[in-house]
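Please find below my comments on the structure, set out as numbered points. They deal with the fold and then with the charged side chains.

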Amino acid sequence: MTTQTTPETTDPTVERTLVLVKPDGMRRGLAGEVLRRIEAKGYTLVAVELVHATPELLAQHYAEHVGKDFYQPLVDFMMSGPILAVAVEGQRVVEGFRSLAGATDGTLAAPGTIRGDLARSWGSKVMQNIVHGSDAPESGARELALWFPAL
Ligand code: DAT
Ligand code: MG
């Protein structure tokens, strides 16, 4: 009799994403709440590190936003305090964490999501939305290489 199960290590649906608890989340003491939700969903924490971001790191991380009018305020905000960088693994975790995080604008994010439950936005506060999550598996791999070069 042959086994039908696929070892998790060879399962292509197992992927990794980068989660950041942004400076507003850290200031408000919400790192544990974010990690709790990730773990409760069933994902695995692979690496966790407290990071003080540099302009160089943020320019690579937010390459798609360089030159936009909110870019410099975003960099200033992301350098306003420590960030908790988290490498998270699981089946379809990239889209799964985006779903846990909710929409970018905390005012509009659905209740039940991290942003919907914990973030509000008005004026320039829209960027204070607690968390970052990679938006595609390729972004996850690219961003994890920036924040966790040894991983
Ligand atoms: P997300 O973080 O949901 O992936 P994004 O990649 O479009 O959103 O933008 C990155 C961050 O930049 C976002 O979390 C908050 C900030 N941001 C996005 N659009 C903005 C805007 N129009 N004004 C101010 N900040 C903005
Ligand atoms: Mg994004």
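The points that follow go from the whole chain to single residues.

1. Status of the model. This is a predicted model, and the points below should be read with that in mind.

2. Secondary structure. The protein has 7 helices and 4 strands. Their order along the sequence is β-α-α-β-α-α-β-α-α-β-α, with a strand at the start and a helix at the end.

3. Overall dimensions. For 151 residues, a compact globule would have a radius of gyration near 15 Å, and the protein agrees with this at 16 Å. The box filled by the C-alpha atoms, taken along the principal axes, is roughly 65 × 35 × 25 Å.

4. Burial and surface. Of the 151 residues, 46% are buried. The accessible surface is about 8200 Å², and carbon and sulfur atoms account for 54% of that area.

5. Contact range. Taking contacts between residues at least 6 apart in sequence, 75% are between residues at least 24 apart.

6. Charge distribution. The protein carries 14 positive and 18 negative charges. The mean positions of these two sets are 7 Å apart. The number of salt bridges comes to 5; the next points take up some of them.

7. The pair E33 and R36. Their side chains form a salt bridge with an N to O distance of 3.2 Å. Both residues belong to helix 2 (residues 31–41), and their spacing of 3 residues is about one turn of the helix. E33 has a relative accessible area of 23%, so this residue is classed as partly exposed. R36 is also partly exposed, at 44%.

8. The pair R37 and D117. Here the side chains meet in a salt bridge at 3.1 Å, N to O. This pair links distant parts of the chain: R37 is in helix 2, D117 is in helix 6 (residues 114–118), and their positions lie 80 residues apart in the numbering. R37 is buried because its relative accessible area is 15%, which is under the 20% limit. D117, at 38% relative accessibility, is partly exposed.

9. The pair R92 and E95. The closest N and O atoms of this salt bridge are 2.5 Å apart. R92 has a relative accessible area of 51% and is therefore exposed, the cut-off being over 50%. E95 is partly exposed, with 44%.

10. The network. Which residues are joined into one network by salt bridges that share partners? They are E33, R36, R37 and D117. The network thus takes in the residues of both pairs described in points 7 and 8.

11. E15. This residue sits in strand 1 (residues 14–21). Is E15 buried or exposed? E15 is buried, yet has no salt bridge. The nearest side chain of opposite charge is that of R92, at 6.7 Å, whereas a salt bridge needs a nitrogen within 4 Å of a carboxyl oxygen. Leaving aside residues up to four places away in sequence, E15 touches V88, E89, G90, R92, V93, V94, E95 and P137. Both R92 and E95, the partners in point 9, are therefore among the contacts of E15, although R92 makes its salt bridge with E95.

12. Closing remark on charges. Side chains of opposite charge can pair when their charged atoms come close. The pair R92 and E95 is one such case, at 2.5 Å, while E15 is left without a salt bridge.

Technical notes: Residues numbered from 1 in each chain as written. Chains lettered and ligands numbered in written order. Predicted model: local features only at pLDDT ≥ 70, side-chain atom pairs only at ≥ 80, totals over all residues. Heavy atoms only, no water. Helix = DSSP H or I, 4+ residues; strand = E, 2+ residues; numbered from the N terminus. Rg over C-alpha atoms; globule rule 2.2 N^0.38 Å. Buried < 20%, exposed > 50% of the residue type's maximum accessible area, 1.4 Å probe, protein only. Contact = heavy atoms within 4.5 Å. Areas by Shrake-Rupley, 256 points an atom, 1.4 Å probe, with all protein chains shown as cover. Lys, Arg positive; Asp, Glu negative; His and termini not counted. Charge placed at Lys NZ, Arg CZ, Asp CG, Glu CD.
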